[in-house]
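Subject: Handover of a structure and notes on its features

Dear colleague,

Please find below the structure that I am handing over to you. I would be grateful if you would read the notes after it with the structure open.

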Amino acid sequence: MVAFDSALHGFCASTGLALDRLAWQQAQLPVAIGGLGLRSAVDLADVAYIGSRVMVLDRCHALWTPAAWEGSAAATASLLLAVHVLAWKTAAGTDDICRLHACAADSADTVLNLVPSRILNTNLSKDDFLTCVGGRLGVDICIGGGACRFCGLAIDVKGRHPQSCMAGGDAVALHNSLRDLLHGYCARAQLRPQAEAPGLLDARRRPTDIFLRGATGLLPALPDGSRPAGPSALALDVAIINALGASHWDDTLRGAHDAVTAYAQRKRDHLGTASSCQQAGILYLPLVWDI
Ligand SMILES: [Zn+2]
């Protein structure tokens, strides 16, 4: 088991990422809570032993009725995981914990579960893979010290500024591609979406990326036959944030989804957008993605 763990560590080292002890311990955590799922055979040995006893318990009873067993594999696994996470957090700094929260958010592991396909454009390049894994484990993936050529702010070694910078057009292009994707889905559903609809609140403001008039038509009748009540229109506002960016770091430190939730609320509150829409009979719905 020690040899297996050592080989696994060696495999990670072969990627070129310089994993320190903390990063390696994070890699051994389950993907769902921010690790890479490279579970240690040594750590899992006890759970595997208990699990094997559970699997053969019925046969043991058949051979010898008094056979009994007092353990629970699931409880032991949960306890061991809790101990592992606690040990990691004890050794980690505040920024490491913040990063773990960001990696533990729903769908944050999607990129790790992609089936490589050139046709579906899900084939990660080596650089894509190293950026993804390195960023997840807090490894230095950029040459820091220089200034961003778009906004002039300092480039950090963790690569967070390039993922957060709003200058240069990448963030806008990503936003627009996501908006267009949603617009396409709405159009295919015959919802007659209107992109960047003008004049919903006043002549200068466009609080929505996709406007759906008569959105309650999605539900033409309630089970009792009556028409659904509520806003007659839906305003979808697309936003993309980096949970580890300077503007969202404090929120992410509180919890895995706090940055997304807080930014959605910030958009609702901005210039009273949500309340103004409500007065106009429009449900304002910010859709915030974390990258
Ligand atoms: Zn910049």
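The following paragraphs set out what was found, from the whole chain down to single residues.

**The chain as a whole**

Please bear in mind that this is a predicted model. The chain has 291 residues, of which 33% count as buried. Its secondary structure consists of 11 helices and four strands. Among the contacts with a sequence separation of 6 or more, 53% join residues that are 24 or more positions apart.

**The zinc site**

The zinc ion is held by four residues: Cys148, Cys151 and Cys165, each through SG, and His161 through NE2. These donor atoms lie at 2.1 to 2.3 Å. The angles among the four donor atoms run from 96 to 116 degrees, and the site is tetrahedral. That assignment holds because four donors count as tetrahedral if all angles lie between 85 and 135 degrees. Along the sequence, the donor residues follow the spacing C-x2-C-x9-H-x3-C. Two of the donors may be set side by side: Cys148 is buried, at 9% relative accessibility, whereas Cys151 is partly exposed, at 35%.

**Nonpolar cores**

In soluble globular proteins, nonpolar side chains tend to be buried together. The largest nonpolar core here has 12 residues, including Leu8, Cys12, Trp24, Leu36, Val133 and Leu137. Helices α1 (2-14), α2 and α6 (126-137) are the elements that give two or more residues to this core. There is also a second, separate core of 10 residues, with Cys98, Ala102, Ala264 and Val288 among them.

Leu137, a member of the largest core, illustrates the packing. Beyond residues up to four places away in sequence, Leu137 touches Leu19, Ala23, Gln26, Ala27, Leu36 and Arg99.

**Helix α8**

Helix α8 spans residues 170-188. At 1.5 Å a residue, its 19 residues should span 27 Å, and the end C-alpha atoms are indeed 27 Å apart. Which residues of α8 are buried? They are His175, Leu178, Arg179, Leu182 and Cys186. These buried residues cover an arc of only 100 degrees around the axis, which puts them on the same side of α8. An α-helix has 3.6 residues a turn, so residues three or four places apart point the same way. Asp170 and Arg188, on the other side of α8, are exposed. The cover over the buried residues includes β2 (210-213), β3 and β4.

After α8 comes Gln190, with a positive phi near 60 degrees. Arg192, in the loop between α8 and β1 (194-195), likewise has a positive phi, of about 50 degrees, although it is not a glycine. Arg192 is exposed, at 72% relative accessibility.

**Helix α10**

Helix α10 comprises the 12 residues 258-269; the expected span of 16 Å agrees with the 16 Å between its end C-alpha atoms. Its buried residues are Ala259, Ala264 and Lys267. They cover an arc of only 130 degrees around the axis and therefore lie on the same side of α10. They pack against β3 (233-241), α9 (249-254), α11 (273-279) and β4 (282-290). Of these three residues, Ala264 also belongs to the second core. Just after α10, Leu271 has a positive phi of about 55 degrees.

**Three further residues**

Pro30 is in the loop between α2 (21-27) and α3 (41-63). With a relative accessibility of 17%, Pro30 counts as buried, because the limit for that class is under 20%. Leaving aside neighbours within four places in sequence, Pro30 is in contact with Gly35, Gly37, Arg39 and Leu81. The C-alpha atoms of Pro30 and Val85 are 9.9 Å apart, although 55 residues separate the two in sequence.

Ser276 lies in helix α11 and is partly exposed, at 26% relative accessibility. Apart from neighbours within four places in sequence, Ser276 is in contact with Leu201 and Leu271. Ser276 and Leu201 are 75 residues apart in sequence and 7.1 Å apart in space, C-alpha to C-alpha.

Ser107 is found in the loop between α5 (94-103) and α6. Its phi is positive, near 70 degrees, in a residue other than glycine. Ser107 is exposed, with a relative accessible area of 56%.

Yours sincerely

Terms used
Residues numbered from 1 in each chain as written. Predicted model: local features only at pLDDT ≥ 70, side-chain atom pairs only at ≥ 80, totals over all residues. Heavy atoms only, no water. Donors = N, O, S within 2.8 Å, 3.2 Å for Na, K, Ca; no water. Tetrahedral: all angles 85-135°; square planar, octahedral: opposite > 155°, others 65-115°. Buried < 20%, exposed > 50% of the residue type's maximum accessible area, 1.4 Å probe, protein only. Contact = heavy atoms within 4.5 Å. Expected span 1.5 Å × (residues − 1). Arc of directions from axis to C-beta. Core = buried A, V, L, I, M, F, W, Y, C linked by side-chain atoms within 4.5 Å.
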